[in-house]
Each structure stands twice: as C-alpha cells, then as structure tokens.
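Here's an informal look at the pockets, the cavity and the ligand site of one protein. Have the structure open as you read.

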Amino acid sequence: MSMTKVLFVSPEAAPFAKTGGLADVTGSLPAALLDKGVDARVILPLYGVIPQKFKDSMTYKKYIYVNVGWRNQYCGIFEAQYKGVKFYFLDNEYYFKRQGLYGYDDEAERFAYFCKAVLEAIPHLDFIPDIIHCNDWESGMVPVFLKCIYRDNDMYKNMRTLFTIHNLKYQGVFPKQILGDILGLEEEYYTPEKLEFHNGVSFIKGGLTFSDYITTVSPTYSCEIQEPYSGEGLDGLIRSRRGSLAGILNGIDYSEYDPSKDPFIFVNYSDRDIDGRHENKKRLQEMLNLDVSSRIPVIGIITRLVCQKGLDLVEQVLDDIISLGAELIVLGTGEGKYESMFTDAAFRHKRRISANIKFDDVLAHRIYAGSDIFLMPSKFEPCGLGQIIALRYGSVPLVRETGGLKDTICPFNEYTMEGNGFSFADYNAHDMLYTIKRAVDFYSKEDIWSGIAKKAMACDYSWDASASRYAKIYDALKG
Ligand code: ADP
C-alpha cells in the first residue's frame, strides 16, 4: 500500500512561528508520523515575523490567485525542509506581514483567505493529500470549503478531513456579514446545524461540523468538552459527533527537548546523573538576580499569561508562596493585568521573584532545566505541554487535575513513593498553596525529592504511541 499522505493545516508551527503548544505539535508530530509510514507535510502562512534564517531556507515555487468573497488575492507558495518534513508557506504580505500572528481586526478575512489558499494551492504542491489535518479555528473553513465548493472536483473528491481541537475556547466567531462577503457562501449555510453560532459565523463550528473526524489533545479533555462546563457552548455538537471523536495525548519531540544535548541550557545532564540540575539552577538564579542557594526551592512558570492558566489563584497567594521560602520565576506574555501583577510582585520581592515578560525560547529551556517545581494550576488545559517538557527536564510539575494535566501527572504518594508530580483537584488558591507547601516540604528531603525528579524524567511522553494512533485514524479514514 502506498504511503498515506497527510497535509497539516495550521496557523503556527515550530520553529517557524510559535505562540503556544499548537506550534510544538505541528512542528513535531509530522516528523514522528514519517516513522509510522505517513508522508506528513505542513502548510502555514508566511508571517512577516518568521525569523530571516528560516526565510532564507525557503524556496519559491510559484504564485496563484485566490478568491476571498469578491476579492481576488495574490498567494505566493514557498517550501522548506525541516528535520525531514516538508513545510509549505503561503505568502500574502497584506494579510501576514505584521508584528505578530494574531489579534487583528480582520482575522476572519485573513484566515478565510488562508483556508481558501490552502485548497487552491494543493494542485501546485506536487502532493495530493489523502487527508487534510486541520488544527484549531483558523483552519476551520477548510472542511467547509472542501465539502461546499470543491466536492465535485475530481482532484479533491477523495480527500478526507480531520479536525483537531487544541483549545475549544478560541472559536473564531464573526458577524454574519462575513458569510457572503468574505467566505463567499450562500445563506443556506447560516443555520444552527451548519455555521451559525449565537448570531455569528463560527469557524470552529465549521471545522467540527464538516470534518470527517475530530480529535482533541487528551483523553480527559475529550470527555470534558462534552459537558456544558467545559464545552464552551459547543458540547451538544461535540456530543452529537462522539462516534467520530478521539482524545489523543500530545507528545513532545524528545530530541528537541533533551537535557543531555540541549544547547540552550548551562550544563547538560541526564536522568542517570541529575546533579547537572544544581549547576543549571545556580546559574539561572545568578542570571536573574535571585538569591543563590541550592536550598531554596525554585518554582517556574512558563505560559501565555491568560485567565485559562490559573493565574488568579497564583495572585491570591503569591506572598504566601514566597513566605514558604520559595523563589518564583515567571516567563510569559499576555494580558496586561497578569503582566503587571508579576512585575509588581517582582518589585516587592526583589531577589525572590523574577518576572520575565517576553517570549524567549532560550530562557524557557533554562527555566525547565533550573527550576525545581513547575507550576501549572490551569482552570482548564486541553493537553498542556509545559508539564510534559518539565517532566523531561526533571522539574517536578505541580498541576491542577484537569484535561491533559490529569492524564500526565500522577500525584506523589509518600507511602508508596509513586508519582511524578503534585496535584490538586478544586480550583481553589488555598488548595494550591497547601500542595505547594507539601512539595516544598518534600523538597527539603533530598533523597525523596531526587526520587520524584528521577521518576518525572523516566516518563515517556514522546510521540511514538500517539503518532501510531493518528496513523491508524488516517488509515481508517482513507478507507
Ligand atoms: P498553550 O498551548 O495553551 O499555550 P502549552 O503548555 O500546551 O500551552 O504550550 C506552551 C508552549 O509554549 C510550551 O512549549 C512553552 O514552553 C511555550 N511558551 C509559553 N510561553 C512562553 C514564553 N513566554 N517564552 C517561551 N516559551 C513559551
């Protein structure tokens, strides 16, 4: 049988353009799929913010024109090879040459263009996919266009679509006018069974309704989103599609995140010899102007600073955490209120709190390698990669039991000595504080702590098992 061909459609992919975990996934799962006999490639916008060195590695293929409603827009097609995977980039400077990836007033038009351009570009890629694997709302119109506009076209008619929910909270809902003006679709698509959602047009609903199969990024989240509490208004639709829904845990690229080879960290170490962590911690404390001591437990937070991440819990007990004798290192950008909350706290607790309000890959790796505890008290978490990377580096995760955090972190049990982290169930600041206190107490017992850190590092959340599951789903869809 010939190799299954899969085209990942994503608004971001590491190392080219990243704001969060989605980029990690689309930057690493395709390579893991190659090992499973799947020819997986990725297509994304050619953002202005893609670093020049990556732009230099791209080759230009050709240009086409793409209809966006009544508009006719230029689309350059570029390609590059990264770690054995082919990446395609769609170029339109009017839409994508901006300071960031998202957050503009014309998101509907930018990503409608992207979805349309993906389908129009396919005949020019020398790669006719069996499966188009869409990711998050920005790619939600691909299954819609495929079924509505291209279904009678021989080139497209055997293509199947899979839609992966990386975060149901982000939905891409826009005023009704975009239906004809931007999507070029007829009134018949504006119904609750199709694209209408609370008097708007929903991109994610398009993906969920029109795709052949749906996955999300952890088993627990796949159950949670079928309930009103976490369903973001779409739980009914998701329940109706549960026969075509699977929760597959994300993995990480174990060669990219490898403390024994990582060029960004101060000294390399492995699970057989974790002493190198001490030096990483010392150098990190020095670099960030914190009190330098191996006895002080260092808590790391690396995240988008948004409500989902449980930062209001941290706010409520920030001073108490420091009173436990811990240090806190924060790396993140996002909502202004959280940025200033951490900046102010760092001002109040000089040499105890370090607030780094930026996106910085190198510092992120150094915090994974140099912190003792990795704090992720999320309100909800579809999968979460932070805790998985932290496990790999031996920074012990302390998480709330939700979504993928629940699926990956098994709380330490002092009687059986089992567990790879710490966790609490209720979304409550004092439950979190109590759990931090417990972790800090165990931190002072060196033997116990190094046992937990080693167990954390011994976990295997590489892509192997999950890539096999995707490969099986592709095969079944291909028929
Ligand atoms: P989400 O996808 O919701 O943002 P995840 O935990 O799944 O959360 O993935 C976050 C990814 O982004 C991790 O690789 C994390 O290290 C990285 N990250 C988040 N914020 C920053 C930052 N400010 N600087 C560097 N890396 C970051």
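## Around the ligand

Let's start with the shell around the ligand, keeping in mind that this is a predicted model. H1, H14 and H15 each put at least two residues into that shell. There are 21 residues around the ligand, and the ones that come nearest are Gly21, Asp24, Arg304, Lys309 and Tyr368. By type, the shell splits into 9 nonpolar, 6 polar and 6 charged residues.

What about polar contacts? Lysine 18 has a polar side-chain atom 3.0 Å from an oxygen atom of the ligand. On the nitrogen side, the backbone does the work: an N or O backbone atom of lysine 358 is 2.8 Å from a ligand nitrogen atom, and a backbone N or O atom of aspartate 360 is 3.0 Å from a nitrogen atom of the ligand. As for cover, the ligand on its own would expose 570 Å², and the protein buries 93% of that.

## The largest pocket

Which pocket holds the ligand? The ligand sits in the largest pocket, which has a volume of about 1200 Å³. The lining of this pocket runs to 48 residues, with Glu12, Thr19, Gly20, Gly21 and Arg304 closest to the centre. Helix H1 (21-34), helix H14 (361-370) and helix H15 (386-393) are the elements that give two or more residues to that lining.

H1 gives the most to the lining, with 4 residues. Sorted by type, the lining of the largest pocket holds 20 nonpolar, 15 polar and 13 charged residues. Two residues tie the pocket and the ligand together: Gly21 and Arg304 are among those closest to the pocket centre, and Gly21 and Arg304 are also among those that come nearest to the ligand.

## The second largest pocket

Next up is the second largest pocket, with about 640 Å³ of space. Its lining has 29 residues, and those closest to the centre are Ala14, Pro15, Tyr82, Glu256 and Asp361. The elements that give two or more residues here are H1, helix H2 (52-56) and H14.

Which element gives the most to this lining? That would be H1, with 4 residues. H1 also gives the most to the lining of the largest pocket, and H14 turns up in both lists of elements. In the second largest pocket, the lining divides into 15 nonpolar, 4 polar and 10 charged residues.

## A cavity

Now for enclosed space. How many cavities of 30 Å³ or more does a search of the whole structure find? It finds 1, with about 60 Å³ of space in it. The lining is made up of Ile301, Ile302, Thr303, Lys309, Leu311, Phe374, Leu375, Met376, Pro377 and Ser378.

Strands take over here: strand S13 (298-302) and strand S16 (373-376) are the elements that give two or more residues to the cavity lining. S16 gives the most, with 3 residues. The cavity lining divides into 7 nonpolar, 2 polar and 1 charged. One residue to click on is Lys309, which helps line the cavity and is also among the residues that come nearest to the ligand.

Notes
Residues numbered from 1 in each chain as written. Predicted model: local features only at pLDDT ≥ 70, side-chain atom pairs only at ≥ 80, totals over all residues. Heavy atoms only, no water. 1 Å grid on protein atoms, 1.4 Å probe; cavity = no way out; pocket = protein on both sides within 12 Å on 5 of 7 lines; lining within 4 Å. Points joined across faces, edges and corners; volume = space filled by probe spheres on them. Nonpolar A, V, L, I, M, F, W, Y, C, P; charged D, E, K, R; others polar. Near = heavy atom within 4 Å. Polar contact = N/O pair within 3.5 Å; in protein donor to acceptor, adjacent residues only side chain to side chain. Areas by Shrake-Rupley, 256 points an atom, 1.4 Å probe, with all protein chains shown as cover. Sits in = over half its atoms within 2 Å of the grid points.
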